[in-house]
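Biologist: I should like to learn how the packing of helices is read from a model. Could we begin with the general idea and then turn to the case at hand?

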Amino acid sequence: MAFVHYIIYFANILIVKNKTNNMKIELKSAQELIKASPDVMCGFNQFIFGSGEPKRSNYGDKSQWYTELQGYNYAKKMAEEDGIAFTNVFKCKKEDCYPFSFGGFFVCNNCGGKGVDKEWWKIQVKKDGDCFCCHGLDFQDLQSSNNYAFGSTFEESISNYESVMLQLQPNL
Ligand SMILES: [Zn+2]
């Protein structure tokens with residue numbers, strides 16, 4: 001009898017440990033993934049954290065903008081080819097919602113307020129044979145998770161994932 005208790009006790013520890021591990025999955029920044037100049041790292045992180053493509057300004061330093069853009073595109077390439085995790089800016093709830101990063105927060109002119117971003121905006125896209133699978137960072141497998149979608153291209157899998165997640169959202 002004590003042996004059975006021991007097994008149950010041990011099984012519970014494993015379950016708790018698994019849950020804890022899942023919650024620790026986080027985005028990796030440029031500092032953890034690449035070695036490059038500060039401007040490249042900056043552009044790289046703009047992709048990872050969903051801040052949008054570096055904007056060319058009439059007043060800013062053009063070579064700095066260009067270098068940041070190289071970092072941004074490099075991160076995007078790694079997301080497509082190596083499946084690194086990144087933030088994709090999705091709609092909030094409504095069709096006419098287009099949130100964007102502003103002053104360190106995600107804001108939406110339609111919903112109003114700031115901090116409209118969701119945990120499910122953090123994704124990974126993996127190549128799976130001829131198609132792509134987009135999933136949230138706490139995704140486990142196709143049987144036990146529902147936060148995933150397939151597509152024939154990188155972009156299509158992300159767009160299909162958005163449709164799935166917007167339908168699930170009330171339960172998130
Ligand atoms: Zn909105």
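Modeller: Axes are lines fitted to C-alpha atoms, for helices over the stretch in contact, and angles run from 0 to 180 degrees between N-to-C directions. Please note that this is a predicted model.

Biologist: At what angle do the axes of α3 and α4 cross?

Modeller: They cross at roughly 50 degrees, and the two axes come within 6 Å. That angle makes α3 oblique to α4. The crossing of these helices is right-handed.

Biologist: Which residues of α3 and α4 meet?

Modeller: From α3, they include Val40, Phe44 and Phe47; from α4, they include Leu69, Tyr72 and Ala75. The residues of this contact divide into 10 nonpolar, six polar and three charged.

Biologist: How many residues of α3 are buried?

Modeller: A residue is buried if 20 or more other C-beta atoms lie within 10 Å of its own. Eight of the 11 residues of α3 are buried, so this helix is largely enclosed by the rest of the structure. Among them are Met41, Asn45 and Ile48. Their cover includes α2, α4 and β1.

Biologist: Which element gives the most to the largest nonpolar core?

Modeller: A nonpolar core is a set of buried nonpolar residues joined through C-beta atoms within 7 Å. The largest one here has 20 residues, and Phe44, Phe47 and Ala75 are among those with the most contacts inside it. The helix α3 gives the most to this core, with five residues. Other elements that each supply at least two include α4, β4 and α5.

Definitions and conventions:
Residues numbered from 1 in each chain as written. Predicted model: local features only at pLDDT ≥ 70, side-chain atom pairs only at ≥ 80, totals over all residues. Buried ≥ 20, exposed ≤ 12 C-beta atoms within 10 Å, placed from the backbone. Helix = DSSP H or I, 4+ residues; strand = E, 2+ residues; numbered from the N terminus. Parallel < 35°, antiparallel > 145°, perpendicular 65-115°, else oblique. Left-handed = near helix turned anticlockwise from the far one by under 90°. Contact = placed C-beta atoms within 7 Å. Nonpolar A, V, L, I, M, F, W, Y, C, P; charged D, E, K, R; others polar.
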